[in-house]
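The following note is offered to a colleague who wishes to examine the pocket and the ligand of this model. The points are numbered for ease of reply.

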Amino acid sequence: MMHITTLEQHFLAEHRRLGARGNFTSLLTAIGVAAKVITREVRRAGLNAILGTADSQNTHGETQQKLDLLANDLLCRTVIPTGHLCAVASEEMEGLLPIPDDVPRGPYTLAFDPLDGSSNIDYNVSVGTIFSIHRRITPEGPGTEADLLQRGATQVAAGYVVYGSSTMFVYSTGAGVFGFTLDPTIGEFVLSHPNIRTPPRARMYSTNEANRDRWSPGIRDFVDELRSPIRNGGACTSRYVGSLVADFHRNLLAGGIFLYPGDSKNPNGKLRLLYEAAPLAFLVEQAGGRASTGCERILDIQPTHLHQRVPLILGCADDVAEAEQFIRRAETPAAARGPRAPSLSR
Ligand code: AHM
Ligand code: MG
């Protein structure tokens with residue numbers, strides 16, 4: 001008989017392995033529930049304008065909201081009542097959200113991007129939710145920014161949900177990466193991708209090449225190298241959805257490198273450390289890949305503010321390391337440069 005492992009069963013097994021208390025499992029389970037509700041809203045997004053009434057109410061009698069704000073509310077309303085959090089931060093909220101006085105406080109913080117890539121939603125392109133969990137560092141009382149501004153390396157769990165041709169929930173608690181596919185017939189996330197490992201070398205690269213003229217010489221040279229027909233192992237092909245979760249997910253499984261570097265207009269790029277870069281860096285490292293600003297490991301960055309942006313290069317380990325070499329080399333004065341390092345073999 002075919003064995004099925006649901007997301008909740010997997011959380012419980014992880015929980016036993018970690019010797020964790022029920023808090024953690026029930027927090028992850030709540031995120032899984034929110035993912036199902038957001039799936040429903042994303043799947044109906046194109047119909048809302050048709051089903052909603054003229055004064056902009058949906059079929060549930062609620063005022064219609066932009067989907068990213070709706071996803072934000074849904075997540076907050078699902079995770080906060082668990083009583084396992086001391087503070088929440090979201091890409092959609094300016095400051096941290098304290099836990100209301102009438103809800104118990106717990107030992108964890110949650111940072112999330114409720115609907116990443118939401119500018120794509122009107123065009124039926126995949127979008128996603130990204131989350132990051134830390135254990136609080138202040139001893140007691142309401143959670144503070146210090147509890148959220150922790151290095152990515154200390155995350156106790158991170159994950160994403162991709163609302164694609166199917167919905168997938170991918171997460172790690174620091175012992176591998178596991179992917180679950182939502183079976184809509186039973187309403188459960190079912191383990192479909194146990195112990196995901198990303199290939200060592202990229203077959204594809206993902207970046208917004210419209211920014212090329214503003215990139216540093218090191219990034220330009222590296223992207224030229226990725227496209228080069230004489231590249232060791234052959235040129236990479238280009239794939240860019242413009243939804244980070246979708247690009248990341250494809251690259252994780254197929255082997256790829258994603259770049260959103262800083263440029264002359266936006267020196268820190270576009271993506272946010274707490275809600276996007278750090279959780280995906282945690283996952284890619286757990287899958288055998290690498291994540292870097294080009295000069296520094298993403299997981300080593302000490303955040304200084306909630307909405308901090310970072311240049312982001314992540315994916316197959318050898319290619320990210322090669323990007324770092326190109327950046328270092330371009331920043332080294334010509335006289336001090338040695339011969340160009342040979343391309344890493346596949
Ligand atoms: P968002 O969080 O406002 O949706 O922005 C993040 C998105 C990412 O999903 C994607 O990688 C990036 O923006 C695309 O940006 P660009 O259109 O500049 O290429
Ligand atoms: Mg985002």
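**Note on the largest pocket and ligand 1**

1. Strand 3 is the element that contributes most to the lining of the largest pocket, giving three residues. The structure is a predicted model, and the points below should be read accordingly.

2. The largest pocket holds about 380 Å³ of space. Its lining comprises 22 residues, of which D116, G117, G242, K270 and L271 are the closest to the centre. Two or more lining residues come from each of strand 3 (108-116), helix 7 (244-254) and strand 11 (256-260).

3. Both domains take part in this lining: domain 1 (7-193) and domain 2 (204-337) each supply at least three residues.

4. In character, the lining of the largest pocket consists of ten charged, six polar and six nonpolar residues.

5. Ligand 1 is surrounded by 15 residues, and the closest of these are D116, G117, Y240, L244 and Y260. D116 and G117 were also named among the residues closest to the centre of the largest pocket.

6. Which side chains place a polar atom beside an oxygen atom of ligand 1? For Y260, the distance from a polar side-chain atom to a ligand oxygen is 2.6 Å. In K270, a side-chain N or O atom lies 2.9 Å from an oxygen atom of ligand 1. For E276, the corresponding distance is 3.2 Å.

7. Ligand 1 on its own exposes 470 Å², and 78% of that area is buried by the protein.

How values were computed: Residues numbered from 1 in each chain as written. Chains lettered and ligands numbered in written order. Predicted model: local features only at pLDDT ≥ 70, side-chain atom pairs only at ≥ 80, totals over all residues. Heavy atoms only, no water. 1 Å grid on protein atoms, 1.4 Å probe; cavity = no way out; pocket = protein on both sides within 12 Å on 5 of 7 lines; lining within 4 Å. Points joined across faces, edges and corners; volume = space filled by probe spheres on them. Helix = DSSP H or I, 4+ residues; strand = E, 2+ residues; numbered from the N terminus. Nonpolar A, V, L, I, M, F, W, Y, C, P; charged D, E, K, R; others polar. Domains from an automatic or database assignment. Near = heavy atom within 4 Å. Polar contact = N/O pair within 3.5 Å; in protein donor to acceptor, adjacent residues only side chain to side chain. Areas by Shrake-Rupley, 256 points an atom, 1.4 Å probe, with all protein chains shown as cover.
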